[in-house]
Amino acid sequence: MSSNHEKFLREAVRLAKDNKARGGRPFGAVLAVGGESIAIGVNNIVHSNDPTTHAEMEAIRVASQKLGRPNLKGSVIYASGHPCPMCLAAILLTGVDEVYYAFDNNDAAPYGLSSEAVYQKLGVTLQPQPLPLTRLDVGVTAAQLYGGEA
């Protein structure tokens with residue numbers, strides 16, 4: 001794993017942990033361009049009551065405003081969890097090049113945090129992958145993030 005990929009993915013997981021500690025949902029994201037963090041986001045549904053405020057969506061909103069353009073070609077998203085269908089669609093629509101994530105839907109399922117059922121309802125499969133989606137181990141377990149283990 002490259003040091004940048006590890007660094008940004010660890011940051012996304014840290015954001016998720018911090019968000020959970022504040023009473024939010026345990027999801028965080030970092031959007032990077034050219035090896036630099038451009039934007040971050042956390043899942044803000046609990047505090048905003050807006051179901052679209054997922055971490056990846058928030059990072060995309062901030063990055064688009066900061067860069068002054070809706071096209072995010074050349075960027076990479078680092079997400080604590082596998083993107084849900086809504087986030088994946090936004091990632092594709094904005095031209096993000098690739099996604100790295102720490103936990104998949106199987107990891108999230110025991111905690112009621114999987115988006116697999118939504119993928120199934122929509123009839124969406126990820127084969128072939130619509131863009132590079134790479135899972136990386138960052139030395140934290142799903143139980144530590146989602147379940148609160150130390």
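**Exercise 1. Determine the volume of the second largest pocket and describe its lining.**

*Solution.* In this predicted model, the second largest pocket holds about 150 Å³ of space. The next step is to list the residues around that space: H82, D104, N105, N106, E116, Y119, V124, T125 and L126 form the lining. Turning to secondary structure, helix 5 and helix 6 (116-122) each contribute at least two residues to this lining. Sorting the lining residues by class gives three nonpolar, four polar and two charged.

**Exercise 2. Characterise the largest pocket by volume, central residues, contributing elements and residue classes.**

*Solution.* The volume of the largest pocket is about 280 Å³. Its lining comprises 24 residues, and those closest to the pocket centre are F27, H54, C84, L113 and S115. Two or more lining residues come from each of helix 3 (55-67), strand 3 (75-81) and helix 5 (105-108). Strand 3 makes the greatest contribution, with three residues. The final step is the division by class: 11 nonpolar, 10 polar and three charged residues.

**Exercise 3. Classify the aromatic pair of F27 and Y146, and locate both residues in the chain.**

*Solution.* The model contains five aromatic pairs. In the pair formed by F27 and Y146, the ring centres are 5.8 Å apart and the planes meet at 50 degrees. An angle under 30 degrees would count as stacked and one over 60 as edge-to-face, so the pair is tilted. As for location, F27 belongs to the loop between helix 1 (3-21) and strand 1 (28-33), while Y146 belongs to helix 7 (residues 142-147). The pair thereby links distant parts of the chain, 119 residues apart. F27 and Y146 are both buried.

**Exercise 4. Explain why the pair of Y111 and Y146 is tilted, and compare the accessibility of its two members.**

*Solution.* The ring centres of Y111 and Y146 lie 5.9 Å apart, and the planes stand at 45 degrees, so this pair is tilted. Y111 sits in the loop between helix 5 and helix 6, and Y146 sits in helix 7; the pair therefore ties together parts that are 35 residues apart in sequence. For accessibility, the cut-off for a buried residue is under 20% relative accessible area. Y146 has 6% and is therefore buried, whereas Y111 has 33% relative accessibility and counts as partly exposed.

**Exercise 5. Name the residues that ring pairs link into a cluster.**

*Solution.* Y146 pairs with F27 and also with Y111. With F103 added, the cluster linked by ring pairs consists of F27, F103, Y111 and Y146.

Notes
Residues are numbered from 1 along each chain as its sequence is written. This is a predicted model: local features need pLDDT of at least 70, side-chain atom pairs count only at pLDDT 80 or more; totals for chains, interfaces and linings use all residues. Side-chain values use heavy atoms; hydrogens and water are left out. On a 1 Å grid over the protein atoms alone, a cavity is a set of points where a 1.4 Å probe fits but cannot get out, and a pocket is an open set with protein on both sides within 12 Å along at least five of seven lines; lining residues have an atom within 4 Å of a point. Grid points are joined across faces, edges and corners, and a volume is the space filled by probe spheres set on the points. Helices (H or I, at least four residues) and strands (E, at least two) are DSSP runs, numbered from the N terminus. Ala, Val, Leu, Ile, Met, Phe, Trp, Tyr, Cys and Pro count as nonpolar, Asp, Glu, Lys and Arg as charged, and the others, Gly among them, as polar. Rings of Phe, Tyr and Trp (its six-membered ring) pair if their centres lie within 6.5 Å; planes under 30 degrees apart count as stacked, over 60 as edge-to-face and the rest as tilted. Buried means under 20% relative accessible area, exposed over 50%, partly exposed in between (1.4 Å probe, protein chains only).
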